[in-house]
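Good morning, and thank you for coming. I ask you to keep the model in view while I speak.

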Amino acid sequence: MTNQFESYKRQRDKYVARGVGNGNLHVADHAQGATITDVEGERFIDFAGAIGTLNVGHTHPKITKHLKEQLDNFIHPGFNVIMYKSYLNLAQKLTEITPGDFDKKVILLNSGAEAVENAVKIARKHTGRQSVVSFVRGFHGRTNLTMSMTSKVRPYKLGFGPFAPEVYQAPYPNISEKSEYLSEAAYIDQMIDKLHDFFIETVDPSEVACIVMEPVQGEGGFIIPDKKFVKAVKKICEAHDIIFVADEIQTGFARTGKTFAIEHFDIEPDLITVSKSLAAGFPLSGVVGKAEIIDSASPGELGGTYAGNPLACEAALKVIEIIEEEDLNNKAEQIGKQLESFLYRSAEQYSFITNIRRLGAMVACEIIDDQTGQPNKALTGKIIQTANANGLLLLSAGIKGNVLRFLTPLVITDDELQQGLEILSETFEKVSIAEAHLDA
């Protein structure tokens, strides 16, 4: 390690909160597309995308040029104080591109957790009910309420209680966990039965304000539900006047091959939460949904000082334009196919790779102990560390920490993608040899 690297590491250790995690301790200098260069000139292919925030890539030239021009106008007059065009235009655009053939309205905020919190506030105000239902393995944020809605105890919840009341976690199917004696169809039927039992055993539907569902569970391990299950959730909502909230914070803006993942399931949600890739790295989120539901809150009951920052809104408008112009929905499918194909080829060579799954470019695989078949969190960590050390930014996920997830920018070039896959291939080989030596 160079003196410069060690200097930054000491600075981080001395001044930055220990609770902030770092997958890579290098310091970025500049980035473009799907490549980051650190202060020492070392390049990294980015398969993490700032945890799914950069579907249009790092410093997209159309966005940086546009924002430099906008910066001279104003930075933040505060929408609650005086309106500005970018907020209004973005609100209109979001109502146009989100699913649902009904009148919609929008509130803009800062973070994904804020969006979820406000969706719950709106649902409670509209229904006059208190209870909130999320799902096992779900992740919705790190605030008190969204932490309460999140499944994973470590590192998100341990020691941070008490948690928000009236939050309940329903079952969510995971095909990789089904019994070998059950067909997929029988397993889904069984999970739907469990869902109905949940509303008998755990909370009565007449008390539920909203059900908040990730169309594909992100932090939970890229778990993709069966369409029949999602439709069963929506049917329960409709039968009991429960608001269906699609949490599209990680799945939105072309990640799954459609602008929003819920479109794969032929569902029109009442509310949608958006963030991450909405604004190309600027802090911005929102709740989009039925006008009569959103308007349940009176003036002043929703908002925030920095909510809907004008520069972030300008970036978001450009993001949506780029998604349409560069056909990133189609590009996501192409990227996903290449990643999936690579993982299946790798699984033939390395028996610790299993349960490969994807929706568009939302791709994952599980890492197991090839002797016992059990989840192998330690080996997953070694793969990520080795990849990082060799120029590939990679992330894990899953309740048991044994899922490799891929969140490449959708503008990644073929060359960048192949470089990343070559590094990953070498990584699998290195950890395989190391594991063989340990077993010897």
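Two residues are said to be in contact when heavy atoms of theirs lie within 4.5 Å. With that in mind, please note that what you see is a predicted model.

Let me begin with V27. This residue is found in the loop between α1 and β1, the latter covering residues 28–32. Leaving out residues up to four places away in sequence, V27 touches Y8, D38 and V39. For one of these partners, D38, the separation along the chain is 11 residues, while the C-alpha atoms are 5.3 Å apart in space. Is V27 buried, partly exposed or exposed? Its relative accessible area is 28%. Buried means under 20% and exposed means over 50%, so V27 counts as partly exposed.

Helix α1 itself, residues 3–15, contains Y15. The relative accessible area of Y15 is 60%, and this residue is therefore exposed. Together with V16 and V20, Y15 makes a nonpolar surface patch of about 300 Å².

We now turn from the surface to the interior. How many residues does the largest nonpolar core have? There are 117 of them, and F47, L94 and I383 are those with the most contacts inside this core. The element that gives the most to the core is helix α10, residues 310–325, with nine residues. A second core, separate from this one, has 14 residues, among them A31, F222, L359 and A397. To return to L94: setting aside its neighbours within four places in sequence, L94 is in contact with V106, L108, F253, L278, V288 and I320.

Another residue to find in the model is V116, in helix α5, which spans residues 112–127. V116 counts as buried because its relative accessibility is 1%. Beyond its neighbours within four places in sequence, V116 is in contact with H140, T146, M149, D247, I249 and T273. Take M149 from that list: 33 residues separate M149 from V116 along the chain, and their C-alpha atoms are 9.8 Å apart. The contact between V116 and M149 is a matter of heavy atoms within 4.5 Å, whereas the distance I have just given is from C-alpha to C-alpha.

My next residue carries a charged side chain in the usual textbook sense, so where is R137 placed? R137 lies in the loop between β5, residues 131–135, and α6, residues 144–149. Is R137 buried or exposed? With a relative accessible area of 8%, R137 is buried. A polar atom of the R137 side chain lies 3.3 Å from the backbone oxygen of P173. P173 also appears among the contacts of R137, which, apart from neighbours within four places in sequence, are S151, Y172, P173, N174, E177, E214, Q217, G220, I223 and I399.

Finally, I come to the salt bridges. How many does the structure hold? The structure holds 17 salt bridges, and I shall show you some of them.

One of them is formed by E69 and K65, with the closest N and O atoms 2.9 Å apart. Both residues belong to helix α3, residues 61–71, and because they are four residues apart there, about one helical turn separates them. E69 counts as partly exposed, at 43% relative accessibility, and K65 counts as exposed, at 55%.

A further salt bridge joins E333 and R358, whose closest N and O atoms are 2.7 Å apart. This pair links distant parts of the chain, since E333 is in helix α11, residues 328–349, and R358 is in strand β11, residues 353–359, with their positions 25 residues apart in sequence. E333 is partly exposed, with a relative accessible area of 27%, while R358 counts as buried, at 18%.

R358 has another partner. Its side chain meets that of E340 in a salt bridge of 2.8 Å, N to O. Here too, distant parts of the chain are linked: R358 in strand β11 and E340 in helix α11 are 18 residues apart. E340 counts as partly exposed, at 21% relative accessibility.

Which residues are joined into one network by salt bridges that share partners? They are E333, E340 and R358. R358 forms a salt bridge with E333 and also with E340.

Thank you for your attention.

Terms used: Residues are numbered from 1 along each chain as its sequence is written. This is a predicted model: local features need pLDDT of at least 70, side-chain atom pairs count only at pLDDT 80 or more; totals for chains, interfaces and linings use all residues. Side-chain values use heavy atoms; hydrogens and water are left out. Patches are made of residues with over 30% relative accessible area and no salt bridge: like charges are joined within 9 Å, nonpolar side chains (Val, Leu, Ile, Met, Phe, Trp, Tyr) within 5 Å. Accessible areas come from the Shrake-Rupley method with a 1.4 Å probe; for residues, only the protein chains shown count as cover. A salt bridge is a side-chain nitrogen of Lys or Arg within 4 Å of a carboxyl oxygen of Asp or Glu. Helices (H or I, at least four residues) and strands (E, at least two) are DSSP runs, numbered from the N terminus. Buried means under 20% relative accessible area, exposed over 50%, partly exposed in between (1.4 Å probe, protein chains only). A polar contact is a pair of N or O atoms within 3.5 Å; within protein, one must be able to donate a hydrogen and the other to accept it, and residues adjacent in sequence count only if both atoms are side-chain atoms. A nonpolar core is a set of buried Ala, Val, Leu, Ile, Met, Phe, Trp, Tyr and Cys residues joined through side-chain atoms within 4.5 Å.
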